[in-house]
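Open the model in your viewer and switch to a cartoon view. The stops below say what to select next and what is found there.

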Amino acid sequence: MGKINAIITGIGGYVPDYVLTNEELSRMVDTNDEWIMTRVGIKERRILTEEGLGTSYMARKAAKQLIKKTGVNPDEIDALIVATSTADYHYPSTASIVIGKLGLKNAMAFDFWAACCGFIYSLDVASSMIQSGRYKKIILIGADKMSSATDYKDRSTCPLFGDGAGAVLLEATEEEGYGLMDSYLRTDGMGLPFLHMKAGGSVSPASHFTVDHRMHFTYQEGRTVFRYAVTNMSADSALIAERNGLTTDNIDWVIPHQANMRIIEAVAKRLEVPMEKVMVNIEHFGNTSAATIPLALWEYEPKLRKGANIIMTAFGAGFVHGANYVRWAYDGK
(Lines give C-alpha, C1' and ligand atoms only; values in the text may rest on other atoms or scores of the structure.)
Protein backbone atom coordinates (compact mmCIF):
# COMPACT_ATOMS: atom_id res chain seq x y z
CA MET A 1 0.00 0.00 0.00
CA GLY A 2 1.35 3.41 -1.04
CA LYS A 3 1.55 6.55 1.04
CA ILE A 4 -1.86 8.15 1.61
CA ASN A 5 -2.33 11.85 0.95
CA ALA A 6 -5.33 14.17 0.98
CA ILE A 7 -6.55 15.82 -2.21
CA ILE A 8 -9.29 18.35 -2.81
CA THR A 9 -11.82 16.74 -5.16
CA GLY A 10 -14.52 19.42 -5.28
CA ILE A 11 -15.51 22.93 -4.23
CA GLY A 12 -18.80 24.54 -3.19
CA GLY A 13 -19.58 28.09 -2.19
CA TYR A 14 -22.29 30.45 -1.03
CA VAL A 15 -22.61 34.20 -0.64
CA PRO A 16 -25.79 36.00 0.44
CA ASP A 17 -27.85 37.91 -2.13
CA TYR A 18 -27.72 41.29 -0.42
CA VAL A 19 -24.94 43.53 -1.76
CA LEU A 20 -23.74 46.32 0.54
CA THR A 21 -22.01 48.89 -1.67
CA ASN A 22 -19.55 51.62 -0.71
CA GLU A 23 -22.14 54.14 -1.75
CA GLU A 24 -24.64 52.73 0.75
CA LEU A 25 -21.97 52.60 3.46
CA SER A 26 -21.21 56.28 2.89
CA ARG A 27 -24.78 57.05 3.95
CA MET A 28 -24.27 55.12 7.21
CA VAL A 29 -20.85 56.42 8.26
CA ASP A 30 -18.36 59.12 7.26
CA THR A 31 -16.62 57.39 4.35
CA ASN A 32 -16.71 57.24 0.56
CA ASP A 33 -15.93 54.91 -2.33
CA GLU A 34 -12.58 56.53 -3.17
CA TRP A 35 -11.34 56.33 0.44
CA ILE A 36 -12.26 52.63 0.74
CA MET A 37 -10.95 51.62 -2.70
CA THR A 38 -7.65 53.46 -2.20
CA ARG A 39 -6.94 51.96 1.21
CA VAL A 40 -8.30 48.42 0.97
CA GLY A 41 -9.62 47.80 -2.57
CA ILE A 42 -13.17 46.80 -1.64
CA LYS A 43 -16.11 47.93 -3.77
CA GLU A 44 -18.90 45.87 -2.22
CA ARG A 45 -19.54 43.01 0.16
CA ARG A 46 -22.32 40.42 0.66
CA ILE A 47 -24.37 40.57 3.86
CA LEU A 48 -26.67 37.90 5.34
CA THR A 49 -29.62 40.05 6.36
CA GLU A 50 -32.33 37.47 7.08
CA GLU A 51 -33.21 37.38 10.76
CA GLY A 52 -32.43 34.15 12.58
CA LEU A 53 -29.81 32.94 10.10
CA GLY A 54 -26.16 32.60 11.05
CA THR A 55 -22.88 31.14 9.88
CA SER A 56 -24.27 27.57 9.85
CA TYR A 57 -26.82 28.56 7.21
CA MET A 58 -24.12 29.70 4.77
CA ALA A 59 -21.89 26.74 5.62
CA ARG A 60 -24.76 24.35 4.96
CA LYS A 61 -25.54 26.00 1.59
CA ALA A 62 -21.90 25.70 0.49
CA ALA A 63 -21.68 22.07 1.66
CA LYS A 64 -24.95 21.17 -0.03
CA GLN A 65 -23.70 22.56 -3.33
CA LEU A 66 -20.43 20.68 -2.85
CA ILE A 67 -22.20 17.36 -2.24
CA LYS A 68 -24.39 17.88 -5.30
CA LYS A 69 -21.46 18.86 -7.55
CA THR A 70 -19.21 15.97 -6.50
CA GLY A 71 -21.94 13.35 -6.24
CA VAL A 72 -20.33 12.06 -3.05
CA ASN A 73 -22.48 9.72 -0.96
CA PRO A 74 -23.31 11.69 2.24
CA ASP A 75 -23.14 8.45 4.24
CA GLU A 76 -19.47 8.12 3.30
CA ILE A 77 -18.45 11.44 4.87
CA ASP A 78 -16.29 10.69 7.93
CA ALA A 79 -15.91 14.22 9.30
CA LEU A 80 -17.16 17.76 8.80
CA ILE A 81 -15.08 20.72 9.97
CA VAL A 82 -16.18 24.35 10.04
CA ALA A 83 -13.43 26.97 10.30
CA THR A 84 -15.09 30.08 11.71
CA SER A 85 -14.78 32.92 14.22
CA THR A 86 -18.50 33.71 14.13
CA ALA A 87 -20.13 30.56 15.45
CA ASP A 88 -23.93 30.52 15.66
CA TYR A 89 -23.66 29.97 19.42
CA HIS A 90 -20.95 29.52 22.07
CA TYR A 91 -22.18 25.93 22.00
CA PRO A 92 -23.10 23.66 20.36
CA SER A 93 -20.56 23.84 17.53
CA THR A 94 -21.59 25.33 14.21
CA ALA A 95 -20.36 22.12 12.57
CA SER A 96 -22.81 20.04 14.61
CA ILE A 97 -25.68 22.22 13.38
CA VAL A 98 -24.51 21.87 9.77
CA ILE A 99 -24.18 18.10 10.08
CA GLY A 100 -27.69 17.86 11.54
CA LYS A 101 -29.22 19.95 8.75
CA LEU A 102 -27.39 17.96 6.07
CA GLY A 103 -28.39 14.65 7.64
CA LEU A 104 -24.89 13.16 7.65
CA LYS A 105 -25.18 9.90 9.58
CA ASN A 106 -21.60 8.66 9.88
CA ALA A 107 -19.50 11.74 10.53
CA MET A 108 -18.04 13.54 13.49
CA ALA A 109 -18.01 17.34 13.45
CA PHE A 110 -16.14 20.17 15.10
CA ASP A 111 -15.41 23.88 14.72
CA PHE A 112 -11.88 25.11 14.09
CA TRP A 113 -11.01 28.53 15.44
CA ALA A 114 -7.97 30.25 13.93
CA ALA A 115 -9.54 33.53 12.78
CA CYS A 116 -8.67 34.41 9.17
CA CYS A 117 -6.20 31.48 9.07
CA GLY A 118 -8.99 29.03 9.85
CA PHE A 119 -9.07 27.45 6.41
CA ILE A 120 -5.32 26.97 5.88
CA TYR A 121 -4.85 25.69 9.45
CA SER A 122 -7.75 23.25 9.27
CA LEU A 123 -6.70 22.10 5.78
CA ASP A 124 -3.48 20.87 7.37
CA VAL A 125 -5.36 19.20 10.25
CA ALA A 126 -7.94 17.55 7.98
CA SER A 127 -5.20 16.33 5.63
CA SER A 128 -3.36 14.78 8.59
CA MET A 129 -6.58 13.02 9.61
CA ILE A 130 -6.78 11.48 6.13
CA GLN A 131 -3.06 10.64 6.08
CA SER A 132 -3.59 8.69 9.33
CA GLY A 133 -5.75 6.25 7.37
CA ARG A 134 -8.69 6.55 9.77
CA TYR A 135 -10.65 9.01 7.61
CA LYS A 136 -11.38 8.77 3.89
CA LYS A 137 -13.67 11.71 3.11
CA ILE A 138 -13.87 15.03 4.96
CA ILE A 139 -15.90 18.15 4.22
CA LEU A 140 -13.96 21.25 5.20
CA ILE A 141 -15.81 24.59 5.29
CA GLY A 142 -14.55 28.11 5.85
CA ALA A 143 -17.51 30.29 6.83
CA ASP A 144 -18.01 33.60 8.60
CA LYS A 145 -20.85 36.02 9.14
CA MET A 146 -18.53 38.94 9.78
CA SER A 147 -21.42 41.41 9.63
CA SER A 148 -22.52 40.03 13.02
CA ALA A 149 -19.24 41.28 14.53
CA THR A 150 -19.01 44.57 12.65
CA ASP A 151 -19.77 47.99 14.11
CA TYR A 152 -21.45 50.00 11.37
CA LYS A 153 -20.66 53.19 13.29
CA ASP A 154 -16.91 52.54 13.07
CA ARG A 155 -15.62 53.95 9.78
CA SER A 156 -12.25 52.21 10.13
CA THR A 157 -13.61 48.65 10.24
CA CYS A 158 -17.13 48.57 8.76
CA PRO A 159 -16.00 48.78 5.09
CA LEU A 160 -13.76 45.74 5.48
CA PHE A 161 -16.00 42.77 6.17
CA GLY A 162 -18.52 40.61 4.36
CA ASP A 163 -20.32 37.28 4.81
CA GLY A 164 -19.84 34.00 2.94
CA ALA A 165 -18.84 30.34 2.98
CA GLY A 166 -16.67 28.06 0.89
CA ALA A 167 -16.46 24.27 1.17
CA VAL A 168 -14.09 21.63 -0.16
CA LEU A 169 -14.22 17.84 -0.21
CA LEU A 170 -11.00 16.19 0.88
CA GLU A 171 -10.43 12.56 -0.10
CA ALA A 172 -7.70 9.99 0.36
CA THR A 173 -5.44 9.14 -2.58
CA GLU A 174 -2.40 6.99 -3.15
CA GLU A 175 -1.53 8.77 -6.39
CA GLU A 176 1.81 10.42 -5.76
CA GLY A 177 2.45 14.13 -6.17
CA TYR A 178 -1.01 15.54 -5.53
CA GLY A 179 -2.79 17.14 -2.62
CA LEU A 180 -1.45 19.08 0.35
CA MET A 181 2.31 18.83 -0.11
CA ASP A 182 3.54 21.10 2.68
CA SER A 183 2.43 23.59 5.33
CA TYR A 184 4.20 26.25 7.33
CA LEU A 185 1.92 27.43 10.16
CA ARG A 186 2.83 29.62 13.10
CA THR A 187 1.13 31.46 15.96
CA ASP A 188 2.78 34.63 17.22
CA GLY A 189 0.59 34.89 20.32
CA MET A 190 1.21 38.63 20.69
CA GLY A 191 -1.77 39.91 18.73
CA LEU A 192 -4.42 40.25 21.44
CA PRO A 193 -4.11 44.04 21.98
CA PHE A 194 -4.35 44.80 18.27
CA LEU A 195 -7.23 42.68 17.00
CA HIS A 196 -10.02 41.27 19.17
CA MET A 197 -13.61 41.46 20.33
CA LYS A 198 -13.57 43.07 23.77
CA ALA A 199 -16.59 41.29 25.28
CA GLY A 200 -18.76 38.22 24.95
CA GLY A 201 -16.20 35.65 26.08
CA SER A 202 -15.42 34.27 29.53
CA VAL A 203 -13.15 37.20 30.49
CA SER A 204 -15.89 39.77 29.94
CA PRO A 205 -19.33 38.13 29.58
CA ALA A 206 -22.19 40.09 28.07
CA SER A 207 -23.71 42.71 30.36
CA HIS A 208 -25.59 45.98 30.08
CA PHE A 209 -22.21 47.73 30.32
CA THR A 210 -20.58 45.75 27.48
CA VAL A 211 -23.60 46.23 25.20
CA ASP A 212 -23.96 49.93 26.01
CA HIS A 213 -20.27 50.48 25.28
CA ARG A 214 -20.41 48.61 21.96
CA MET A 215 -17.87 46.01 23.08
CA HIS A 216 -19.26 43.12 21.03
CA PHE A 217 -17.74 44.22 17.73
CA THR A 218 -14.37 43.75 16.04
CA TYR A 219 -11.69 46.08 17.39
CA GLN A 220 -8.62 46.53 15.21
CA GLU A 221 -5.52 48.69 15.22
CA GLY A 222 -5.29 48.81 11.45
CA ARG A 223 -1.70 49.96 10.94
CA THR A 224 -0.19 47.36 13.26
CA VAL A 225 -2.26 44.54 11.79
CA PHE A 226 -1.42 45.66 8.24
CA ARG A 227 2.31 45.70 8.99
CA TYR A 228 2.28 42.24 10.60
CA ALA A 229 0.13 40.80 7.80
CA VAL A 230 2.38 42.06 4.99
CA THR A 231 5.54 40.86 6.74
CA ASN A 232 4.28 37.40 7.70
CA MET A 233 2.20 36.47 4.64
CA SER A 234 5.08 37.52 2.36
CA ALA A 235 7.74 35.70 4.40
CA ASP A 236 5.63 32.54 4.86
CA SER A 237 4.84 32.33 1.14
CA ALA A 238 8.49 32.83 0.21
CA LEU A 239 9.59 30.16 2.71
CA ILE A 240 7.11 27.55 1.48
CA ALA A 241 8.06 28.31 -2.12
CA GLU A 242 11.78 28.01 -1.44
CA ARG A 243 11.64 24.73 0.45
CA ASN A 244 9.51 23.13 -2.28
CA GLY A 245 11.48 24.43 -5.26
CA LEU A 246 8.68 26.74 -6.40
CA THR A 247 9.65 29.74 -8.52
CA THR A 248 8.04 32.50 -10.54
CA ASP A 249 7.89 30.08 -13.47
CA ASN A 250 6.26 27.05 -11.82
CA ILE A 251 3.90 28.72 -9.34
CA ASP A 252 0.53 28.56 -11.08
CA TRP A 253 -1.63 30.29 -8.47
CA VAL A 254 -1.26 32.25 -5.27
CA ILE A 255 -4.33 32.53 -3.03
CA PRO A 256 -3.78 35.15 -0.35
CA HIS A 257 -6.28 35.90 2.38
CA GLN A 258 -8.43 38.77 1.12
CA ALA A 259 -8.02 41.45 3.80
CA ASN A 260 -6.49 44.33 1.89
CA MET A 261 -5.52 44.74 -1.77
CA ARG A 262 -2.18 46.27 -0.76
CA ILE A 263 -1.32 43.16 1.29
CA ILE A 264 -2.23 40.94 -1.66
CA GLU A 265 0.01 42.96 -3.99
CA ALA A 266 2.88 42.85 -1.48
CA VAL A 267 2.71 39.04 -1.31
CA ALA A 268 2.72 38.79 -5.13
CA LYS A 269 5.71 41.14 -5.31
CA ARG A 270 7.70 39.14 -2.74
CA LEU A 271 7.09 35.93 -4.75
CA GLU A 272 7.78 37.79 -8.02
CA VAL A 273 4.49 36.44 -9.32
CA PRO A 274 2.40 38.52 -11.74
CA MET A 275 -1.07 39.54 -10.53
CA GLU A 276 -2.63 37.36 -13.27
CA LYS A 277 -1.55 34.36 -11.17
CA VAL A 278 -3.10 35.73 -7.96
CA MET A 279 -6.68 34.86 -7.05
CA VAL A 280 -8.49 38.05 -6.03
CA ASN A 281 -12.13 38.46 -4.95
CA ILE A 282 -11.77 41.20 -2.35
CA GLU A 283 -13.35 43.87 -4.55
CA HIS A 284 -16.79 42.23 -4.53
CA PHE A 285 -16.72 40.07 -1.35
CA GLY A 286 -14.54 42.02 1.09
CA ASN A 287 -12.90 40.17 3.97
CA THR A 288 -14.98 37.07 4.76
CA SER A 289 -12.34 35.82 7.24
CA ALA A 290 -12.03 31.99 7.07
CA ALA A 291 -14.12 31.95 3.88
CA THR A 292 -11.86 34.10 1.67
CA ILE A 293 -9.56 31.34 0.38
CA PRO A 294 -12.23 28.65 -0.29
CA LEU A 295 -14.43 31.29 -1.93
CA ALA A 296 -11.52 32.24 -4.20
CA LEU A 297 -11.10 28.55 -5.10
CA TRP A 298 -14.84 28.36 -5.79
CA GLU A 299 -14.76 31.33 -8.15
CA TYR A 300 -11.57 30.34 -9.95
CA GLU A 301 -12.30 26.60 -10.16
CA PRO A 302 -12.86 26.62 -13.96
CA LYS A 303 -9.28 27.91 -14.41
CA LEU A 304 -7.66 25.22 -12.26
CA ARG A 305 -5.78 22.41 -13.99
CA LYS A 306 -4.49 19.09 -12.70
CA GLY A 307 -0.93 19.47 -11.47
CA ALA A 308 -1.19 23.20 -10.78
CA ASN A 309 1.11 24.43 -8.03
CA ILE A 310 -0.84 26.57 -5.56
CA ILE A 311 0.35 28.59 -2.57
CA MET A 312 -2.28 29.65 -0.03
CA THR A 313 -1.38 32.16 2.67
CA ALA A 314 -3.25 33.96 5.44
CA PHE A 315 -2.91 36.04 8.57
CA GLY A 316 -5.34 36.64 11.40
CA ALA A 317 -6.11 37.57 15.00
CA GLY A 318 -3.77 36.07 17.53
CA PHE A 319 -1.56 36.66 15.56
CA VAL A 320 -1.83 33.50 13.46
CA HIS A 321 -0.19 33.15 10.07
CA GLY A 322 1.12 30.62 7.58
CA ALA A 323 1.08 29.12 4.11
CA ASN A 324 0.15 25.84 2.40
CA TYR A 325 1.47 24.31 -0.79
CA VAL A 326 -1.18 22.34 -2.68
CA ARG A 327 -0.68 20.41 -5.93
CA TRP A 328 -4.08 20.42 -7.60
CA ALA A 329 -5.62 17.04 -8.40
CA TYR A 330 -8.21 17.66 -11.15
CA ASP A 331 -9.16 19.88 -14.07
CA GLY A 332 -11.60 22.55 -12.96
CA LYS A 333 -15.24 22.10 -13.87
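On this tour, contact means heavy atoms within 4.5 Å. The model is a predicted one.

**Stop 1: the four-stranded sheet**

Select helix H7 (residues 222-243), which lies across E8, E11, E12 and strand E13 (320-327). H7 runs at about 150 degrees to E12. Now show the strands under this helix: four of them form an open sheet in the order E8-E13-E12-E11, with mixed pairing. Strand E8 (179-187) and strand E11 (253-256) are the edge strands, and each pairs on one side only. From one strand to the next, the twist averages 10 degrees.

Zoom in on E11 and strand E12 (residues 309-316), a parallel pair with four bridges. Pick Trp-253 to find Ile-310 of E12 opposite. Then add H10, which packs on this sheet and touches E11 and E12. The direction of H10 makes about 140 degrees with that of E11.

**Stop 2: H7 and H8**

Keep H7 selected and add helix H8 (residues 261-271); the two axes come within 9 Å and cross at roughly 30 degrees. Angles under 35 degrees count as roughly parallel, and H7 and H8 are therefore roughly parallel to each other. Their crossing is right-handed. Show side chains at the contact: on H7 they include Phe-226, Val-230 and Met-233, and on H8 they include Ile-263, Val-267 and Leu-271. By class, the residues of the contact of H7 with H8 are 11 nonpolar, two polar and two charged.

**Stop 3: the five-stranded sheet**

Next, select the other sheet, an open one in which five strands follow the order E1-E7-E6-E4-E5 with mixed pairing. Which strands stand at the edges? They are strand E1 (5-14) and strand E5 (108-112); each has a single partner strand, so one side of each is left without a neighbour in the sheet. Neighbouring strands here are turned by 20 degrees against each other on average, direction ignored.

Walk along the sheet from E1. Nine bridges join E1 to E7 in an antiparallel pair, and Tyr-14 has Ala-165 of E7 as its bridge partner. E7 also pairs with E6 in the antiparallel sense, over nine bridges; here Ile-139 is matched with Leu-169 of E7. Colour E7 by burial: 10 of its 11 residues are buried, so this strand is largely enclosed by the rest of the structure. At the far end of the listed order, strand E4 (residues 79-83) pairs with E5 in the parallel sense over five bridges. Leu-80 has Ala-109 as its bridge partner in E5.

**Stop 4: helices on this sheet**

Select helix H3 (residues 55-70), which lies across E1, strand E6 (137-145) and strand E7 (163-173) and runs at about 115 degrees to E1. Then return to helix H10 (residues 292-300), which packs on this sheet and touches E1, E6 and E7. The direction of H10 makes about 85 degrees with that of E1.

**Stop 5: H3 and H4**

Finish by adding helix H4 (residues 94-102) to H3: they pack at an angle of about 50 degrees, with their axes 9 Å apart. H3 and H4 are therefore oblique to each other. H3 passes H4 in a right-handed crossing. Among the residues to show at this contact are Ala-59, Ala-63 and Ile-67 of H3, and Ile-97, Val-98 and Leu-102 of H4. The contact of H3 with H4 has six nonpolar, three polar and three charged residues.

Conventions: Residues are numbered from 1 along each chain as its sequence is written. This is a predicted model: local features need pLDDT of at least 70, side-chain atom pairs count only at pLDDT 80 or more; totals for chains, interfaces and linings use all residues. Side-chain values use heavy atoms; hydrogens and water are left out. Two strands pair if DSSP finds at least two bridges between them. Helices (H or I, at least four residues) and strands (E, at least two) are DSSP runs, numbered from the N terminus. Axes are lines fitted to C-alpha atoms, for helices over the stretch in contact, and angles run from 0 to 180 degrees between N-to-C directions. Buried means under 20% relative accessible area, exposed over 50%, partly exposed in between (1.4 Å probe, protein chains only). Angles under 35 degrees count as roughly parallel, over 145 as roughly antiparallel, 65 to 115 as roughly perpendicular and the rest as oblique. A crossing is left-handed if the near helix is turned anticlockwise from the far one by less than a right angle, and right-handed if clockwise. Ala, Val, Leu, Ile, Met, Phe, Trp, Tyr, Cys and Pro count as nonpolar, Asp, Glu, Lys and Arg as charged, and the others, Gly among them, as polar.
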